[in-house]
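Here are some comments on the structure, set out as numbered points for reading beside the coordinates. They begin with the enclosed space and end with the chain as a whole.

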Amino acid sequence: DLHLIARRQRQMCIRDRFYGLKKLQFHAQNLDPTLMRERLGYWLFRSMGVEAPRSVHARLVINEEFIGLYALTEQIDGAFTNYHFDDKDGNLYKEVWPLNMNGEPMDSQSLISALKTNEDDNPSTDIISGFADKLYNGKESDIPNIISKYMDINKVLSLVVVDRAIRHDDGFLHWYCELDDCVSHNFYWYEEPNNKKVNLIPWDLDNAFENIINDANPVTPIADRWGQISNNCNPFPYGDLGLYQWSASCDKLTGGWAMHKELYEELKNNFIQGPFAANNVNALLTDWSDQIRPVVKEAEDKNTWDQLTVQQWESKLYELRDQLEFARNK
């Protein structure tokens, strides 16, 4: 009986989970000399009510061999959505936007190919496809109401506030262009099956925080400030490498979010005075630094591959604090 076999396999998978998780995901943080970007960035998103991965530091040992200090970051999968959302068992999509850069709804096959849950259950993409269709056919004046029907506007603007404060320039607001086609990445969408809502989830903060004071990374910097449009919505070169990008607010959905200027400023002020305040963030950085300093020293002493020295790491932490203070006041 194939149904019985499948049920037993699912039961085995459930029993084999580690504290309810299918996967443990360790990030080496090779691109992060502060060793704080993931833990701090995701904490800031969650502190503003955005569903984002939980992340902590981990001293990794495999077969009694010390490997180094890693970020243990929650995998975005069905276990994640069932934990973070009351409306469970919906579709989870990775790195597929509801509209392409021409403003047309994303085709169902592309959406299905991007599924990370329900792949084997003959899934329907009606929720996110319906959202895209309404955006595509709606007049500019209709866009805020369409968005409010499908999204929690406070939540998505809170996500944008944090994203812009930490300059997550390698995320959903950076539309990279190649051969006149532009796409963004490092995000997920989750559909709530009963509420018929869609939620944007941030991902991959390795390159966050870099470009706060200046464009330190030659690949990731976003040219536009929030809500701005460059080059009349045509792709344009930017940065030292002259890489082409496209203004995010030319997208009908992102442009619709940017219409809520007063709410954005209100949420930004709440963020700066609340979770992002210097006393809050500096206390976290101090506590977390105390936690991981012995492991950073252990890795230095054992010459663990690609591991920072304590002195190098602490120097980068001072730079991070300066960047955060700059972000609060710009």
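1. A cavity, as the word is used here, is a set of grid points where a 1.4 Å probe fits but cannot get out, and its lining residues are those with an atom within 4 Å of a point. The model is a predicted one, and by this rule it holds three cavities of 30 Å³ or more. The largest cavity encloses about 100 Å³, and its lining consists of R164, L173, I222, D224, R225, W226, G227, Q228, W246, S247, A248 and S249. Sorted by class, that lining comprises five nonpolar, four polar and three charged residues.

2. The second largest pocket, which is an open space rather than a closed one, has a volume of about 520 Å³. Its lining counts 22 residues, and those nearest the centre of the pocket are R164, R225, W226, Y264 and K268. R164, R225 and W226 are also named in the lining of the largest cavity. By class, the pocket lining divides into 13 nonpolar residues, one polar residue and eight charged residues.

3. Which helices each supply at least two residues of the lining of this second largest pocket? They are α7 (153-165), α9 (261-273) and α11, and of the contributors α9 gives the most, with five residues.

4. Helix α11 spans residues 310-329 and contains E314. With a relative accessibility of 26%, E314 falls in the partly exposed class, because buried means under 20% and exposed means over 50%. Although E314 and L35 are 279 residues apart in sequence, their C-alpha atoms are 9.8 Å apart in space.

5. In helix α6, which covers residues 143-150, the residues I143, I146, I147 and Y150 are buried. They lie on the same side of α6, because the arc they cover around the axis is only 100 degrees. An α-helix has 3.6 residues a turn, so residues three or four places apart point the same way. The cover over the buried residues of α6 includes α5 (126-137), α7, β8 (197-202) and α8 (252-258).

6. The protein chain has eleven helices and ten strands. Its radius of gyration is 21 Å, close to the 20 Å given by the globule rule for 330 residues, so the chain is as compact as a globular protein of that length. Along the principal axes, the C-alpha atoms fill a box of roughly 60 × 60 × 40 Å.

7. Of the 330 residues in the protein chain, 50% are buried. Where contacts join residues at least 6 apart in sequence, 65% of them are between residues at least 24 apart.

Methods:
Residues are numbered from 1 along each chain as its sequence is written. This is a predicted model: local features need pLDDT of at least 70, side-chain atom pairs count only at pLDDT 80 or more; totals for chains, interfaces and linings use all residues. Side-chain values use heavy atoms; hydrogens and water are left out. On a 1 Å grid over the protein atoms alone, a cavity is a set of points where a 1.4 Å probe fits but cannot get out, and a pocket is an open set with protein on both sides within 12 Å along at least five of seven lines; lining residues have an atom within 4 Å of a point. Grid points are joined across faces, edges and corners, and a volume is the space filled by probe spheres set on the points. Ala, Val, Leu, Ile, Met, Phe, Trp, Tyr, Cys and Pro count as nonpolar, Asp, Glu, Lys and Arg as charged, and the others, Gly among them, as polar. Helices (H or I, at least four residues) and strands (E, at least two) are DSSP runs, numbered from the N terminus. Buried means under 20% relative accessible area, exposed over 50%, partly exposed in between (1.4 Å probe, protein chains only). The arc is that of the directions from the helix axis to the C-beta atoms. Contact means heavy atoms within 4.5 Å. The radius of gyration is taken over C-alpha atoms; the globule rule is 2.2 Å times the number of residues to the power 0.38.
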